[in-house]
Amino acid sequence: MPKKSAAEVLVAAGREVSISNPGKVLFPKPGHTKLDLARYYLAVAEGALRGAGGRPNVLVRYPDGIEGEFFYQKRAPRTRPPWIEVVELRFPSGRAAEEVVPRDAASLAWFANLACLELHPHPVRAEDLEHPDELRVDLDPVPGIAWNQITSVAQVARSVLEDLRLVGWPKTSGSRGMHICVRIEPRWTFDEVRRAALALAREVESRAPKLATSKWWKEERHGVFVDYNQNAKDRTVASAYSVRPTPDARVSAPLAWDEVDGCEPGDFTLVTMPARFKQLGDRHAAIDEHAGSLRPLLELFDRQGLGDAPWPPYYSKKQPPRTKPPLVQIARARRKEDALAGLERWKQRHPEVTPHLQPADVLVDAMRGRYSTWTRIRVNLQHVPEALRPAQEPLDPDEKIFSSS
């Protein structure tokens, strides 16, 4: 076992923040350490706080680096500096928790000391927890979709927003997709903001039906899913400048619109972003100056006349009726690689099925539990001739999973 290194003290916002075991490697391939993470967040603090500051944040912690187990921590650690602010949130499950509200660069360094790679803020300010001031457009591609298809959908979303007198601020997600942040006046409830996001998703789909989808059920999607449910209460997404758990330590990079078509997500990392930030500043520096009204989107929702869309299962909402496709469940496991191994065993048992499967037919779902994520794998047999479709088998593996809070 590597020997722990002595703590290092960083000074930020006039405070001293101790980074324990600063040599702890969080990203094995490039060798980035916990101290590297803390210094990164200090270098981009102004932009990172614009995205996550003043908001309650879920702590997503990687104590053993990106190759180890990670967990979600909604409740602020009991042992914390007196200057770390918290605020109590109430969730759809009925539970409540005090979450951390970062206010300055020292808070970000403290996050890094906890091995929090990502910043996961709620779309509300600590001063008003019931009225979001941000609508979030999450462009989530199905397997097999190229990056230029995602940027094309982003440009369609931009046009819809502009037509409705709203300003979108694009950024790479740092993972497979792209986000567009929209500042809004904090006058509407979570349900109304989600309804507005749903109207936006449906309009994007209507303008680019071959590229985009608003279908909630994974097995019904194609192209790029415009995920409106990221605006439901209790949902968080990685904010601007957030470091992501990828082998090359990518970050969620704010962009100008003229950069979107030519950008490559891999260009923005923990190493490259500080230099970009120093040279160009924060591409989203003016976002707070452009808070718009949701009224045009809500009026569009009424004109569309399609009603509500499905909610995540732990919301006590009436689900719209649907026709279920021919799905079989394959595996559920705490570790993604264990679930994928189960999928390979299933394919070996059914070699006649595999040639008929398209990339989007294999549904690998990252399910958020109370403290961590787990993986569920399903297969949509829609392209498999009915006579060849295997029946549901016992899951392999079938691990006990705790439900979300």
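This passage describes the internal cavities of a predicted model. Four cavities of 30 Å³ or more were counted, and the two largest are treated in turn below.

The largest cavity has a volume of about 130 Å³. Its lining is made up of 16 residues. Those that lie nearest the centre of this cavity are Gly-51, Glu-134, Cys-181, Ser-239 and Ala-240. Three elements of secondary structure, namely α2 (45-52), β10 (134-141) and β12 (178-183), each supply at least two residues of this lining. The largest share comes from α2, which contributes three residues. In terms of residue class, the lining of the largest cavity holds six nonpolar and six charged residues, together with four polar ones.

The second largest cavity has a volume of about 50 Å³. Its lining includes Arg-136, Val-137 and Asp-138, and also His-179, Ile-180 and Cys-181. Lys-171, Gln-230 and Val-237 complete the set of lining residues. At least two residues of this lining are supplied by β10, and at least two by β12. By class, four residues lining the second largest cavity are nonpolar, three are charged and two are polar.

The two linings can also be considered together. Strands β10 and β12 each supply at least two residues to the largest cavity, and each likewise supplies at least two to the second largest. Cys-181 is among the residues nearest the centre of the largest cavity, and Cys-181 also lines the second largest cavity.

How values were computed:
Residues are numbered from 1 along each chain as its sequence is written. This is a predicted model: local features need pLDDT of at least 70, side-chain atom pairs count only at pLDDT 80 or more; totals for chains, interfaces and linings use all residues. Side-chain values use heavy atoms; hydrogens and water are left out. On a 1 Å grid over the protein atoms alone, a cavity is a set of points where a 1.4 Å probe fits but cannot get out, and a pocket is an open set with protein on both sides within 12 Å along at least five of seven lines; lining residues have an atom within 4 Å of a point. Grid points are joined across faces, edges and corners, and a volume is the space filled by probe spheres set on the points. Helices (H or I, at least four residues) and strands (E, at least two) are DSSP runs, numbered from the N terminus. Ala, Val, Leu, Ile, Met, Phe, Trp, Tyr, Cys and Pro count as nonpolar, Asp, Glu, Lys and Arg as charged, and the others, Gly among them, as polar.
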